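The following exercises are to be worked through with the sequence and the coordinates at hand. Each task is followed by a solution in steps.

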Amino acid sequence: MSLNTDFMVKVAHTAIQGVPVTLQIVLVALLISLPVGCLFALIRIYRIKGLEQIVKLYVSFVRGTPIIAQILIVYSAFPSLLNMIIGKAAFSINPIYYAYIVFTLNSIATLTEVFRSALQTVDKGQLEAGLMVGMRPRQIFWRIILPQALISALPNITNATLYLMKNSSLAFIMSVKDITAIAKTEAAFNYNFLEAYLVVWVYYLIICYSAEVIFYLLERYFSKYRRSTKKTTYFNWQPFSIKQPNVSAEAELTESGRGDHAQNRRIKKKL
Amino acid sequence: MLKIEGLRKSYDGNEILKGISVDVSKGDVISIIGPSGSGKTTLLRNMTTLEQADGGHIQFADVDKDFQKLSSKDIQTIRRNVGFVFQNYNLFNNKTALQNITEGLIVARKVNKSEAKKIALEALERVGLSDRQNHYPSQLSGGQQQRVGIARAVALNPKVIFFDEPTSALDPELVGEVLKVMRDLAESGTTMVVVTHQMNFARNVSNKVIFMADGHIVEQGSPESIFEHPSEKRTQEFLTDILANV
């Protein structure tokens, strides 16, 4: 068996048009679901009557069903629903909007849970300290609690984003012309399935890897305030190498040692 | 200046504070001592409206009301006139030492930034941490964190500063540096209410000692009278126990 490399190059060229589509779905879903997920998490934490039950139900519905079922339901329900409202025009709507809907609904549920756990990691003392310097609860939330919660949420947000990227490949079911859809069409024309799928595989790998790097840098930038006591885990820039990077965990410092720690490190650097 | 009468608080039917009255005058340094579970911390949290008391009256700043009838404006007035130093420091983890102090000044007091920075630097110098202004709490030792906590309270120039067991979470060798700062504050005339297990501080720095047990004030008076001639049996037992362990 040999791979038709010319064909692979060709597919790579055409499928690249799908990259923006994939990214669009991911970005739209993320931009909407981040604030909404945060809001839903707050509804759950503060047990706002009525709304809390709705959010709970919503989250368990989304988490309890496979995404493919959600796609099929949205894709069959929405067009006919819209047909009743705006008539025939409903069927000429770009299917990418349905993809936006499904993936946004889906990641809202995931991120609600991510934010819920992250907000709960912030110590109640932070709120009390804020109150005692005369800040209002809202100011404390925006300036003290949310920034800390976001940082502890970042690893899970990264995770959710990667799942979202990979799941977005299912958009082809709604005839959205994303990377997967384009490659599948090409493959069906020429019966070179493996080659086309390998290209898809590489594209997703590149996209997800880039996302991972971006999130890692974000995490490193924003968690500057908790870097000193322990070294943050080192990002593995060479995922395919056998040799793993050395992660030296510095021993838990004693109470008195911690204070001079930052300085010691600076001195160490100079030497 | 600050007068609390008949303060009551219960949790799930358990009465923790059974009608406490405290009178704080300007320049007072009051130590509250007592066995654990006697309600010392709860008293502090209720006096400062961090928790809502079930009954009692407060007279402080422009407020002269029953605790249950405090409006949110009253609560804000009370909070703006007190400073609070927590047992576990509670510094804002995402802010540097300097920002921890300026935060309240800028956001709550609407002091302009350069002025706030000036005040904060003075406060840090007062607790001997000028060189650590750009350190985050995680880069400071417990003792240093608590000193920043004190500086944060001092910078707001409150009428009274409350200390909730400020040295209890510290390693023994770090207690001294925090007590020294507190002693300096007391000497400069700051009004302080301190819940503490440091008997030396209670005895030598404060001008009034309150001994609490089981939600009551058992005895109060000058440090000499409490430590040398306690009149209540409960006080004598407590002091014998605690001094035996020193």
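The model is predicted, and over all its chains it holds 19 salt bridges. The exercises begin with these pairs and then turn to the interface and to chain A.

**Exercise 1. Salt bridge within a helix**

Task: Determine how Glu128(A) and Lys124(A) are paired, and state how each is placed with respect to solvent.

Solution:
- Step 1. The closest N and O atoms of Glu128(A) and Lys124(A) are 3.5 Å apart, and the two residues form a salt bridge. The cut-off for such a pair is 4 Å.
- Step 2. Both residues belong to helix H6 (residues 124-132) of chain A; because they are four residues apart there, about one helical turn separates them. An α-helix has 3.6 residues a turn, so residues three or four places apart point the same way.
- Step 3. Glu128(A) has 10% relative accessibility and therefore counts as buried. Lys124(A), at 57%, counts as exposed.

**Exercise 2. An arginine of chain B beside this pair**

Task: Locate Arg45(B) and list its contacts beyond its neighbours within four places in sequence.

Solution:
- Step 1. Arg45(B) is part of helix H1 (residues 40-47) of chain B.
- Step 2. The relative accessibility of Arg45(B) is 13%, so this residue counts as buried; the limit for buried is under 20%.
- Step 3. With those neighbours left aside, Arg45(B) is in contact with Lys124(A) and Glu128(A) in chain A, and with Leu50(B), Glu51(B) and Phe84(B) in chain B.

**Exercise 3. Salt bridges within chain B and a network in chain A**

Task: For Glu15(B) and Lys65(B), find the salt-bridge partner and assess the accessibility of each residue.

Solution:
- Step 1. Glu15(B) pairs with Arg8(B) in a salt bridge whose closest N and O atoms are 2.9 Å apart. Glu15(B) is partly exposed, at a relative accessible area of 35%, and Arg8(B) is also partly exposed, at 38%.
- Step 2. Lys65(B) forms a salt bridge with Asp74(B), with 2.6 Å between the closest N and O atoms. Lys65(B) is partly exposed, with a relative accessible area of 32%, whereas Asp74(B) is buried, with 13%.
- Step 3. In chain A, salt bridges link Arg44(A), Arg63(A), Glu113(A) and Arg116(A) in a network.

**Exercise 4. The interface of chain B and chain A**

Task: Describe the interface by its residues, its buried area and its polar pairs.

Solution:
- Step 1. Chain B gives 38 residues to the contact and chain A gives 31 residues. In chain B, the residues that lose the most area to chain A are Phe92(B), Asn94(B) and Ser138(B), together 18% of what that side buries.
- Step 2. About 2900 Å² is buried between the two chains, and carbon and sulfur atoms give 52% of this area.
- Step 3. Two salt bridges are counted between chain B and chain A. Arg143(A) forms a salt bridge with Glu103(B), with the closest N and O atoms 2.4 Å apart. The interface also has eight residue pairs in polar contact, with both residues at pLDDT 80 or more.
- Step 4. On the side of chain B that touches chain A, two or more residues come from each of helix H2 (72-80), strand E6 (82-85), helix H3 (97-108), helix H5 (142-155) and helix H6 (172-187) of chain B. The residues of that side comprise 15 nonpolar, 13 polar and ten charged.

**Exercise 5. Helix H9 in the fold of chain A**

Task: Characterise the fold of chain A, then check the length of helix H9 (residues 193-222) and identify what its buried residues pack against.

Solution:
- Step 1. Chain A contains ten helices and zero strands. Of its 271 residues, 41% count as buried.
- Step 2. Among the contacts in chain A with a separation of 6 or more, 74% are between residues 24 or more positions apart.
- Step 3. Helix H9 of chain A has 30 residues; at 1.5 Å a residue the expected span is 44 Å, which agrees with the 43 Å between its end C-alpha atoms.
- Step 4. The buried residues of H9(A) include Val199(A), Tyr203(A), Ile207(A) and Phe215(A). The helices against which the buried residues of H9(A) pack are H1 (5-15), H2 (18-45), H7 (137-167) and H8 (179-190) of chain A.

Key. Residues numbered from 1 in each chain as written. Chains lettered and ligands numbered in written order. Predicted model: local features only at pLDDT ≥ 70, side-chain atom pairs only at ≥ 80, totals over all residues. Heavy atoms only, no water. Contact = heavy atoms within 4.5 Å. Buried area = accessible area lost by both parts, 1.4 Å probe. Salt bridge = Lys/Arg side-chain N within 4 Å of Asp/Glu carboxyl O. Polar contact = N/O pair within 3.5 Å; in protein donor to acceptor, adjacent residues only side chain to side chain. Nonpolar A, V, L, I, M, F, W, Y, C, P; charged D, E, K, R; others polar. Expected span 1.5 Å × (residues − 1). Buried < 20%, exposed > 50% of the residue type's maximum accessible area, 1.4 Å probe, protein only.
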